[in-house]
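Colleague: I'm new to reading protein models, and I'd like to know how the labels get decided. Could you show me one and let me ask as we go?

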Amino acid sequence: MFRKAAVPTVSNGSYLQGQANGKLSSLDSGQPAREGKVVLKKKVTLLRGISIIIGTIIGAGIFISPKGILKNTGSVGMSLTVWTVCGILSLFGALCYAELGTCIKKSGGHYTYILEAFGPLPAFVRVWVELLIIRPAATAVISLAFGRYILEPFFMQCEIPELAIKLITAVGITLVMVLNSTSVSWSARIQMFLTFCKLVAILIIIVPGVIQLIKGETQHFKNAFAGNDASVMGLPLAFYSGMYAYSGWFYLNFVTEEVENPEKNIPLAICISMIIVTVGYVLTNVAYFTTISAGELLLSKAVAVTFAERLMGNFSLAVPVFVALSCFGSMNGGVFAVSRMFFVASREGHLPEILSMIHVRKHTPLPAVIVLHPLTMIMLFNGDLYSLLNFLSFARWLFIGLVVAGLIYLRYKRPDMPRPFKVPLFIPALFSFTCLFMVALSLYSDPVNTGIGFAITLTGIPAYYLFIVWDNKPKWFRKLLGRVTTTLQILLEVIPAEENQKS
């Protein structure tokens, strides 16, 4: 199933190579070499990079239920403060990833940086949990939100059947997979369009809110810090909710090798995106409070709909459509980015070899994209999605904290590494502490689910020794793996990236 890096599992190196006509070769083919290499091309511009980050951060939460922070802070003023502080801290984390992305010019994000700093075992554990649990469950959850809100205008007077939601969700997931398998350019263009739709939706809320402020509708901001006193655990849980709302700033680092001029565009895209998202989130919440009281916001099932109904009348019917488009953008951006993690992990020998192959004509990492499809469908129809995400919410912050700690470690381990973009050392130190705090908070607030998540994560250790370290696999197994790989190559029309093939 897996192979060690630089040690082929296919007997005699017998995977198929590409030919000049963009087709897989037969053993006796004498076709001349093609001019264009089969590689992932640099098609992610600055604007596309910004759309990836903004498009994956902004999902359905800011439109539907941005109340986790308010519930745990107890006041309007403190909730807006937490939104702002979480945005700044997320910017700090993003700046750390900007430094890593400019000095380690490989795709793969978390996986690649952990591999560079701490070696193969923790990197394998990270990609193991991401492939089997985190990514399929996370994709299914955001896709379910897409399915629900795309159907909402058709079921205004009654409940939407769960089966209908899941069927439309399955169609949406399949569409995203097909799009990302077919064309990098079209996937990026659609991501830009969907990001534009998200920003328009946020402006539709912010502009009327500003008009309300100009009219003097400030009654809900009087004594802004008065209200229910937050409990000892309230503020940390509000902080946890805020950091989760901003998560997604790391996705551009998953596609570093496809970014044009990464030394310039990665830091620029990250800074521009985080400023836009932070200002957008804070102003959206301010707009809500010009029309909705804190108590009403906590009771609302869909805050943006409540806000729109009071100020815009029938135009509120458009809100579910914007939410569905927002969810689709998060689905598309997530699949686009995370498939590159699987591609790189396979290239390093930590996942099946087929996942590091590229379609001969479309130049997309087709196997790394579609491997998510069956796993996501299983989660969608059979998995307890929210429990799985609760089990592994701590794992996200554990590994992000490990990555940022790795930045500090690399400063001392490899001081001569070129660093076109360099952050002050206090920023990774503060953010590493933030991640450690998030992990500790997960353990304190929900020890059972966190313990289960920790146990699931630890299954990556025996898997590493079984699939990667163990060399003496039976001959029949290696032959079978070779046949399966070759058959999948023929069916999917994929070959290893030509830059990585031995001459």
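Colleague: What makes Ile69 count as buried?

Modeller: Its relative accessibility is 2%, and buried means under 20%, so Ile69 earns the label. Bear in mind that this is a predicted model. Ile69 sits in helix α3, which covers residues 68-73.

Colleague: Which residues is Ile69 in contact with, once its neighbours within four places in sequence are left aside?

Modeller: Ser79, Val82, Trp83, Ala238, Ser241 and Gly242. Take Val82: it is 13 residues from Ile69 along the chain, and the two C-alpha atoms are 7.4 Å apart.

Colleague: Let's try Thr284. Why is that one called buried?

Modeller: Here the relative accessibility is 1%. The limit is 20%, so Thr284 is buried. You'll find Thr284 in helix α10, residues 262-291. Leaving aside neighbours within four places, Thr284 is in contact with Ile62, Ile202, Ile205 and Ile206.

Colleague: What does the polar side-chain atom of Thr284 lie 2.6 Å from?

Modeller: The backbone oxygen of Gly280.

Colleague: Now the rings. Why is the pair of Tyr288 and Phe307 called edge-to-face?

Modeller: The structure holds 21 aromatic pairs. In this one the ring centres are 5.8 Å apart and the planes are at 70 degrees. Centres have to lie within 6.5 Å to pair, and planes over 60 degrees apart count as edge-to-face, so Tyr288 and Phe307 fit the name. The pair also links distant parts of the chain: Tyr288 is in helix α10 and Phe307 is in helix α12 (residues 303-312), 19 residues apart.

Colleague: Are Tyr288 and Phe307 buried or exposed?

Modeller: Both are buried. Phe307 shares that label with other residues of α12: the buried ones are Val303, Ala304, Val305, Thr306, Phe307 and Ala308. Their cover includes α2, α8 (184-214), α10, α11 (294-299) and α13 (319-347). After α12 comes Gly313, with a positive phi near 60 degrees.

Colleague: Which residues do ring pairs link into a cluster?

Modeller: Tyr97, Tyr113, Trp249, Phe250, Tyr251, Phe254 and Phe431.

Colleague: And where does the charged end of Arg340 sit?

Modeller: Over the ring of Phe336, 4.3 Å from its centre. There's also Arg189, which lies over the face of Trp186 at 5.1 Å from the ring centre.

Colleague: Asn261 has me puzzled. Why is it called partly exposed?

Modeller: Its relative accessible area is 42%. Buried needs under 20% and exposed needs over 50%, so Asn261 falls in between. Asn261 belongs to the loop between α9 (234-246) and α10. Its phi is positive, about 45 degrees, although Asn261 is not a glycine.

Colleague: What makes Glu493 partly exposed?

Modeller: A relative accessible area of 26%. That is again between 20% and 50%, so Glu493 is partly exposed. Glu493 lies in the loop between α20 (475-492) and β2 (494-496). Glu493 isn't a glycine either, yet its phi is positive, about 60 degrees.

Colleague: How many disulfides does a search of the whole structure find?

Modeller: It finds 0. As for burial, Cys103 has 13% relative accessibility, so it counts as buried. Cys327, at 0%, counts as buried too.

Colleague: How do you know which parts to trust?

Modeller: Look at pLDDT, the predictor's confidence in each residue, from 0 to 100. The protein's mean is 83, and 88% of its residues reach 70 or more. Among the elements, helix α5 (residues 110-118) has the highest mean, 93, and helix α2 (residues 61-64) the lowest, 78. Over residues 5-15, though, the pLDDT is below 50, and that stretch has 17 contacts in the model beyond near neighbours in sequence. Residues 18-35 also stay under 50, and the model has 28 contacts for them beyond four places in sequence. Where pLDDT is low, the predicted coordinates should not be read in detail.

Colleague: Last one: how many helices and strands does the protein have?

Modeller: 20 helices and 2 strands. Buried residues make up 55% of the 503 residues.

Notes. Residues numbered from 1 in each chain as written. Predicted model: local features only at pLDDT ≥ 70, side-chain atom pairs only at ≥ 80, totals over all residues. Heavy atoms only, no water. Helix = DSSP H or I, 4+ residues; strand = E, 2+ residues; numbered from the N terminus. Buried < 20%, exposed > 50% of the residue type's maximum accessible area, 1.4 Å probe, protein only. Polar contact = N/O pair within 3.5 Å; in protein donor to acceptor, adjacent residues only side chain to side chain. Contact = heavy atoms within 4.5 Å. Phe/Tyr/Trp six-rings, centres within 6.5 Å; stacked < 30°, edge-to-face > 60°. Lys NZ or Arg CZ within 6 Å of the ring centre and 35° of its normal. Disulfide = S-S within 2.5 Å.
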